[in-house]
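Visitor: Could you take me through one part of this model in detail? I'd like to look at the cysteines and whether they pair up, and then at whatever sits around the middle of the chain.

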Amino acid sequence: MADRKQELEALRDELVDRFDRYKAHKEQRGGPLDKDMEDQSIELQNDDVIEALQQEAENELRQVMHALKRIDDGEGDLCEECGEPIDARRLAALPYTTLCRDCAELR
């Protein structure tokens, strides 16, 4: 369980860094939009992609934080739906999962 917690903490830190980079891009800390209309169009399309990536990172971070709390509460390897142990192979593949395979498939 300690290894999984360390893995989740590292993933959390990576997601926070990634989220901050996406936020910085959205706030255009790099400077104003290009003066060329075609280049502006490309930059704005990139903003849509960055927004989707930021949302994905935020969702994953939320899952990681929830999994870390469950580990701290001593429930990290139990399915939060049925209470059965989550297969170690599933936890290795998806360390922030809180559901066993059967319950995940039902959702």
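Guide: Here is a walk from the overall fold to the cysteines and then to two residues of one helix.

Some ground rules come before the details. This is a predicted model, so local features need pLDDT of at least 70 and side-chain atom pairs count only at pLDDT 80 or more, while totals for chains, interfaces and linings use all residues. Residues are numbered from 1 along each chain as its sequence is written, and side-chain values use heavy atoms, with hydrogens and water left out.

The protein chain has four helices and zero strands (DSSP runs numbered from the N terminus, H or I of at least four residues for helices, E of at least two for strands). Along the sequence that reads α-α-α-α. Of its 107 residues, 27% count as buried (buried is under 20% relative accessible area, exposed is over 50%, partly exposed is in between, with a 1.4 Å probe and protein chains only). The accessible surface is about 7400 Å², and carbon and sulfur atoms hold 49% of that (Shrake-Rupley method, 1.4 Å probe; for residues, only the protein chains shown count as cover). Among contacts with a separation of 6 or more, 56% link residues 24 or more positions apart (a contact means heavy atoms within 4.5 Å).

Now the cysteines. A disulfide is a covalent bond between the sulfur atoms of two cysteines; here it is called by a cut-off, a pair of cysteine sulfur atoms within 2.5 Å. Searching the whole structure turns up zero disulfides. Cysteine 82 is in none, and its nearest cysteine sulfur, that of cysteine 79, is 3.8 Å away. For cysteine 103, the closest cysteine sulfur belongs to cysteine 100 at 3.6 Å, which is too far for a bond. Their surroundings can be set side by side: cysteine 82 is partly exposed at 39% relative accessibility, whereas cysteine 103 is buried at 10%.

On to helix α2, which spans residues 37-72 and holds glutamate 56. Glutamine 54 is found in helix α2 too. Glutamine 54 has a relative accessibility of 7%, so it counts as buried. Leaving out residues up to four places away in sequence, glutamine 54 touches Phe19, Tyr22, Lys23 and Lys26. Glutamate 56, by contrast, is partly exposed, with a relative accessible area of 49%. Phe19 comes up again here: the C-alpha atoms of glutamate 56 and phenylalanine 19 are 9.3 Å apart, with their positions 37 residues apart along the chain.
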